[in-house]
Every structure is written in structure tokens, then in C-alpha cells.
Amino acid sequence: MYGLDAISAHNGWQLSALGISIVFTGLMILSLIIAQIHKVLEFWDRKHTYWQRIKKLVRRKHRSEETASDLVLPKNVKESTHRFKLLIEQMGEPFSLPKLLGFSKKCGILHSRSSVNELLRAKLIIPDGNGYFLWNHEIEKNIKVSMKTSS
Amino acid sequence: MVNLLIEFLSNTGFALAGYQNIIMILVGIVLIYLGVAKGYEPFLLIPIGFGVLMGNIPVIRDFGLGIYEKGSFLNYMYYGVMHDIYPPLIFLGVGALTDFSAMLARPSLMLLGAAAQVGIFSTFLGALALGFAPNEAASIGIIGGADGPTAIFLTAVLAPHLIGPIAIAAYSYMALVPVIQPPIMRLLTSRKERLIRMEDPREVSKKEKMIFPIIGFLLCCFIAPGALPLLGMLFFGNLLKESIVAERLARAARTSIIDSVTILLGVAVGASTQGDIFLTSKSIGIFILGASAFAVATASGVLFAKFMNLFMRQKINPLIGAAGVSAVPNSARVVQIVGQKEDPTNFLLMHAMAPNISGVIGSAIAAGILWSFLGG
């Protein structure tokens, strides 16, 4: 038997189509896998760094939760918190503490020094490491208010 | 006394030789000439050519001298061919010699090695159309993989009676890659395409190179278990090379083992081409189909590279598609030569090694698939 009849009789078309598809699929999968090897290895090589980062993140979250749960601000400071926040939003971040105190006096916030001190202790105002300060939005969400007022 | 002399003379090669032996001896001399004078694959063509001479010395039957006579020296050498011992050992050496970095750096180029395997399956169809049995057609088709050991490996299983012509065709065409490929490459590409410069591949880490042979072996052999002996030894050889700690074994694999086996394989394959077995109409068909397999494989690789360029942001030089036919590293060298004819400062060799090596893997997978389809 010759020609197309021979090919059809021996399932030539099916064998060829299937054969080349398998070769293509095999090499395609292999190429996809080996394209990822260096990424996986990079991740593996830096696993300690990633692990440390994850641990730090977890620890920070845990600490902020702890801080937040322990954070009990006097009622009057809580009230001034809102006003300080508005002031800082106007001043822009990062801001300097003397400037904040100056503005707060101008705006007539009472006991501004002690209030800022409370906010610093509560880590609502945090240093940015360059001599300026930032408003801590994370902590702000978790503030509990005590019934007592500061003296 | 006279009777003894007459008997002696009647047993000499001069008396026993037929025209087929003479033709084959001439073929053997041509192969040796190509290897020595032209430098075409000398490591293969010289042993094969001399094997052809050895196999075509006419000897008296049942004297235990011929390659097909049990217990003869040549028969023992041929055992390694018939029982698929030599091809995997050659692959061990190839693995220990090959640096897979180019392929690992740009895995998408592996698809060019897959595309070139179209030559195998199209030739399989052609051989079926010419009246060859499916197992013979598959063995002929694998010539398109441009991989001598793979061709011998599959033929020994599917059509052992065709080992001689198929091996000679595969190795001859591998040697003639610098002659067969360039016209096809130029025909299918424009000058602008041949001038495309490719970005330097990224650096591949040692760990990547060490992990690849294990992943590659597991994946390929799960897909095509029939390729286990070939791919197993290829990746094992590569692991020896890349692991560094087994450098002595890697050195043995890429020097003494591959050299010894090449000699045994070449001589045994050459000697199996006895005139009366080799010079048949089938052999002529095999040679014609083998040439077309090479041409189709080259064209498929180049055309697929052009097809990939339709979707890729970083264009690839379509010439490197021609290296997908295996024939490591000859076809990659041909790509470099053709590319440098257009632009002497364009270095494509490194890029061409990626499809070249994936072509080796692809043809071994194709052999495994054909074996599983037709070997049962």
C-alpha cells in the first residue's frame, strides 16, 4: 500500500499529530519549569532574610496590638488628639515638634506640652529617624479612652 | 599441492568479492575521505568508513568472521548496537560535555528544539506513503532528529535490519549539516531577520545547573518513559559534570568512555553495511527520506522562530531555529557562520546552543514516543 492510503491505514496522521504534540508539550512544560528554577533558588537563598522580615512583621503587629490594647489615654487627651491630628494634617508630614507646639498654642489647645507628651508616650506621634515626627495612623485606630482625666 | 593452492585462492577476498562489496568499499573510502580531507565529523566518519571496509571484506560463511555470525569479534561489537548499549553511553558522554546554561538562561528557545522535531514526524508520514512498514517508517523518520545515537537506539528496537543504512544516513547528513542547512536558512529568512541581534543571556547559577538535570530527567522520562536509557544517561552525565564533586567520573564520561564507545559504535555500524544487505532499493529510499527529514527539520525550526517573533518583544534571530535539529554542536556552528556572513560582529553561537541542546532532548523524547507507539 502506498500514498495517503498507507498513511491512513497505519494511523499515520494520528501518530504524527499526537507525537509532535507530546514533544511540544513536554518541552514547553520543561521550559516553564526551568524558567522558575532561578526564582525559587533566589527565594531559597534569601529565605533567612524573608523569614526575618516575616518575623519582624509578626512581632511588630503583635507589639502594636499589645500597645493598642494597653493604650489608655485620658479623656481630655483623647479629645485633643483629634485637634492635633487636624493640625498635623495642615502642617504636613513629617513635622517638627516645636512647630507643632507653636501652632497648638496659637490654636488655643490647653496643656499642649503635656498632651503632646501623652501622644508621644502613646506612640501616636513617632519619630521618623531624621529629627522629624510622623502621625501613627495604625495606633490611632486602636485607642481606648479612659474615664479619668489627666491633671 | 595445486589443489591446496586453488582452495586457498578460492577462499580469498578476490575470489569471493561481488560487485556489492566493491561498491561498499568505495563508499567506505568516500566516508574516510570526507572525515580526513574535509573534516566532516571525523570522529564518526573515520570509524564508520573503516567499519564499512571491514564489513565488506568477503569471508567464507560459517568461519566465525562475519558481523552477523555468532561468536565473531565483529558480532560481539555489534551486540552493543543491537542491544542499545552504545547509544546511551554516548549520551552519557554528551551530557558530561554539554553546558546547558544557554538553554537555562532563555528557556523559551527550547520550543525551537521542539519545532525541529516536525522533521521526524513528517518523514515518518513520507516513509509510510512510500510503502515502508510503520516500524521502519519511524526509524527512518528519526533521522530527522539529526542525532546518530538516537537513530540507532530506535532502529535497533523497531527495525534492526535497517540499522546500517539508517545509521550511515544519519551520520552522513550530520556531517553534511554545513552543506544542507545554509541554503534552507537563507531561503526562509530575509537579510533584516538574519541581522537581528539578540540580548546577552543572563548568568546561570551553579545551583540551577545542578538542579536542572534532575528536574529535566524526571519530567522528560515521566512524559516519555521510552527515552529513559538515552535521557537518563544524558542527564546523569550532566549531573556528574555540574556537581563538581564527581569531576573524575565526569572526565571519564566525556573522554575515555565516549571515545571508546564512539570507536565501537562506528566500526560496528560500518561493518553492518555488508553490500548484499545494504545495497537495496530500501536504502536508497532511506537516504532520500533522510535528506528530506533534515531539510524539513531545519525549515520547521527557522519558521517557528519567525512565528515566535510575532509575539515576542525581544526578537530572536530566526537563524537559530535551524539549530533545533540537534547535531550538537555542528548546527549551532552553522548558525554562527551564516549569521556572521551578514554581520561579522553578531555572535549567535551561544544563543543557538539553546535550541541545539533542546533538540537533543526533543529527539530523544520523540524516539521514546515512537517506541511506545510502535514497539509493543
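Two residues count as in contact here if their C-beta atoms, placed from the backbone, lie within 7 Å. Keep that in mind for chain B of this predicted model: of its contacts with a separation of 6 or more, 75% are between residues 24 or more positions apart. In chain A, 60% of the contacts between residues at least 6 apart in sequence join residues at least 24 apart.

Let's stay with chain B for a moment. Its secondary structure is 21 helices and zero strands. The radius of gyration is 21 Å, close to the 21 Å that the globule rule gives for 376 residues, so chain B is as compact as a globular protein of that length. Measuring along the principal axes, its C-alpha trace spans about 85 × 45 × 40 Å. Of those 376 residues, 57% count as buried.

Chain A has another make-up, with seven helices and four strands. Walk along its sequence and you meet them as α-α-α-β-α-α-α-β-β-α-β. Buried residues come to 23% of the 151 in this chain. As for confidence, the mean pLDDT of chain A is 81, with 83% of its residues at 70 or more. Take some care with residues 146-151 of chain A, where the pLDDT is below 50, although the stretch has 14 contacts in the model beyond near neighbours in sequence.

Now for where the chains meet. On one side are 36 residues of chain B, in contact with 27 residues of chain A. Four helices of chain B, namely α8 (110-115), α9 (118-129), α15 (206-223) and α21 (349-374), each supply at least two residues of the side that touches chain A. The most comes from α15(B), which gives nine residues. By type, this side of chain B divides into 26 nonpolar residues, eight polar and two charged.

From chain A, the helix to look at is α2, residues 12-45. Its 34 residues should span 50 Å at 1.5 Å a residue, and the end C-alpha atoms are 49 Å apart, which agrees. There is still a kink of about 30° in α2(A), centred on Ile37(A). Buried residues of this helix include Gly12(A), Leu15(A), Ser16(A), Gly19(A), Ile20(A), Val23(A), Leu27(A), Leu30(A) and Ile34(A). What lies over them? The cover for the buried residues of α2(A) includes α1 (3-9) of chain A, along with α7 (101-105), α8, α9, α15 and α21 of chain B. On the spacing, a general point helps: an α-helix has 3.6 residues a turn, so residues three or four places apart point the same way.

Just past α15 of chain B, look for Gly226(B), in the loop between α15 and α16 (228-243). Is Gly226(B) buried or exposed? It counts as buried, because it has 23 C-beta neighbours inside 10 Å, and the cut-off for buried is 20 or more. Beyond its neighbours within four places in sequence, Gly226(B) is in contact with Ala367(B), Gly368(B), Ile369(B), Trp371(B) and Ser372(B).

Two other helices of chain B are worth a stop. The 25 residues of α17 (residues 247-271) should span 36 Å, and its end C-alpha atoms are 35 Å apart, which agrees; even so, α17(B) bends by about 40° at Ala253(B). Helix α20 (residues 330-342) has 13 residues and reaches 19 Å from its first C-alpha to its last, close to the expected 18 Å. Among its buried residues are Asn330(B), Val334(B), Val335(B) and Val338(B), and the cover over the buried residues of α20(B) includes α12 (163-175), α13 (177-188), α14 (191-194) and α21 of chain B.

Finally, the backbone. Most residues other than glycine have a negative phi, and most peptide bonds are trans. Against that, Val328(B) and Pro329(B) are joined by a cis peptide bond, with omega about -10°, and Pro329(B) lies in the loop between α19 (281-309) and α20. Chain A has a cis bond from Glu93(A) to Pro94(A), omega near -5°, with Pro94(A) in the loop between α4 (75-91) and α5 (97-106). Positive phi turns up at Glu41(B), near 40°, and at Ile244(B), near 65°. Glu41(B) counts as buried, with 21 C-beta neighbours inside 10 Å, whereas Ile244(B), with 11, counts as exposed.

Conventions. Residues are numbered from 1 along each chain as its sequence is written. Chains are lettered from A and ligands numbered from 1 in the order in which they are written. This is a predicted model: local features need pLDDT of at least 70, side-chain atom pairs count only at pLDDT 80 or more; totals for chains, interfaces and linings use all residues. Ala, Val, Leu, Ile, Met, Phe, Trp, Tyr, Cys and Pro count as nonpolar, Asp, Glu, Lys and Arg as charged, and the others, Gly among them, as polar. A residue is buried if 20 or more other C-beta atoms lie within 10 Å of its own, exposed if 12 or fewer, and partly exposed in between; C-beta atoms are placed from the backbone. The radius of gyration is taken over C-alpha atoms; the globule rule is 2.2 Å times the number of residues to the power 0.38. The expected span of a helix is 1.5 Å times one less than its number of residues. The bend at a residue is the angle between axes fitted to the seven residues ending there and the seven starting there. pLDDT is the predictor's confidence in each residue, from 0 to 100.
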